[in-house]
Each structure stands twice: as structure tokens, then as C-alpha cells.
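Trainee: Before we start, could you take me through this model with questions and answers, one part at a time?

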Amino acid sequence: MDRASRHLLRLVVSCRKLSAEVSSPHSQTIIAMATSTEPEFALKQRALLARNPSSKLLWTPRTAVRVGEILANRLLGLGIDGVTVDLDEELARPPHWRRSLSPFFESVQRSGVRIDGPEKL
């Protein structure tokens, strides 16, 4: 399958939230999504804020790994085994965010979904 017809993986990253969405190459509609604000993470986030109310970063590399696993399971459930990353968008991201996202990419690949592009980051 050529790169233009692959599903596109986009990441929305902030200090409060990590969101990963995969869109269809033809219609640009989101077909699968996983985020660090899902109910599974709510207790951990509340506990983190209770321990350290001034904490700015609400997701950890461990959260990124779990978000990657959730997204990969949803993609495999839809029969999608490969996605591509927009390299220009990812390279425009500050280096400290790119380092934080490497566990996400590794967990998606470990779960069985091929990703084109993260090795160049």
C-alpha cells in the first residue's frame, strides 16, 4: 500500500492531554481515537493532582504507552494494520515532546500496528 493511501496518525499533545487520532486517507474522518482523558486514567490524574496540585504535566510515559495500546487495539479491531505519521508536523513539535512520545510509538508498534515515519524522529 503506498504512502498516500495509508491512514494518517495525528497526535495532539499538551501538558494536560495526549490524544491520538487516525483518519481515513480519502474522507479525512476520524476512524479511531485514544486519549489520556479516558475514564481509565481519571483516578490516576486525580491522585496526581491531589499529591501535587501545581503539577502541570498530567500524563506520563506510562500513560503514553497505555494510550498507544488502546489505539492499536481499536485499529486492529477495525482491520487496520498500518498507519503513517505526518513527519513535517512531528518535526515541528518541540524536542521535549518528541522524546515523551517515543514510548507511544513503540507501544503501538509492539501491539502489531506498523507505523511509517517515527524512526526519522
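Trainee: Which residues of H4 are buried?

Mentor: This is a predicted model, and in it H4 covers residues 95–110. Buried here means a relative accessible area under 20%. The residues of H4 that are buried are Trp 97, Leu 101, Pro 103, Phe 104, Phe 105, Ser 107 and Val 108.

Trainee: What covers the buried residues of H4?

Mentor: The cover includes strands from several parts of the chain, among them E1 (7–13) and E4 (82–85). Helices take part as well, including H3 (87–91). Named in full, what covers these residues includes E1, E2, H2, E4, H3 and E5.

Trainee: At which residue does H4 bend, and by about how many degrees?

Mentor: The end C-alpha atoms of H4 are 23 Å apart, and 16 residues at 1.5 Å a residue should span 22 Å, so the two values agree. H4 nevertheless has a bend, and a proline, Pro 103, follows the bend within four residues. The bend is at Leu 101, and its angle is about 35 degrees.

Trainee: What is the phi of the glycine that follows H4?

Mentor: The glycine in question is Gly 112, and its phi is positive. The value is near 110 degrees.

Trainee: Which residue other than glycine has a positive phi, near 60 degrees?

Mentor: The residue lies in the loop between strand E2 (18–23) and E3. With a relative accessible area of 44%, it is partly exposed. The residue is Gln 28.

Trainee: How many residues apart in sequence are the parts that Arg 74 and Glu 38 tie together?

Mentor: The side chains of Arg 74 and Glu 38 meet in a salt bridge, at 3.1 Å from N to O. Arg 74 lies in helix H2 (residues 61–77), whereas Glu 38 lies in the loop between E3 (30–35) and H1 (39–51), so the pair ties together parts separated along the chain. Arg 74 is partly exposed at 36% relative accessible area, while Glu 38, at 13%, counts as buried. The parts are 36 residues apart in sequence.

Trainee: Which residues are linked with Arg 66 in a network of salt bridges?

Mentor: Arg 66 forms a salt bridge with Glu 40, and their closest N and O atoms are 2.6 Å apart. Because Arg 66 lies in helix H2 and Glu 40 in helix H1, the pair ties together parts that are 26 residues apart in sequence. Arg 66 is partly exposed at 30%, and Glu 40 is partly exposed at 41%. The residues linked with Arg 66 in the network are Glu 40 and Glu 69.

Trainee: Are Arg 93 and Glu 90 buried or exposed?

Mentor: The side chains of Arg 93 and Glu 90 meet in a salt bridge, at 2.8 Å from N to O. This pair belongs to a structure that holds six salt bridges. Both Arg 93 and Glu 90 are buried.

Note on methods: Residues numbered from 1 in each chain as written. Predicted model: local features only at pLDDT ≥ 70, side-chain atom pairs only at ≥ 80, totals over all residues. Heavy atoms only, no water. Salt bridge = Lys/Arg side-chain N within 4 Å of Asp/Glu carboxyl O. Helix = DSSP H or I, 4+ residues; strand = E, 2+ residues; numbered from the N terminus. Buried < 20%, exposed > 50% of the residue type's maximum accessible area, 1.4 Å probe, protein only. Expected span 1.5 Å × (residues − 1). Bend = angle between axes of the 7 residues up to and from the residue. Contact = heavy atoms within 4.5 Å.
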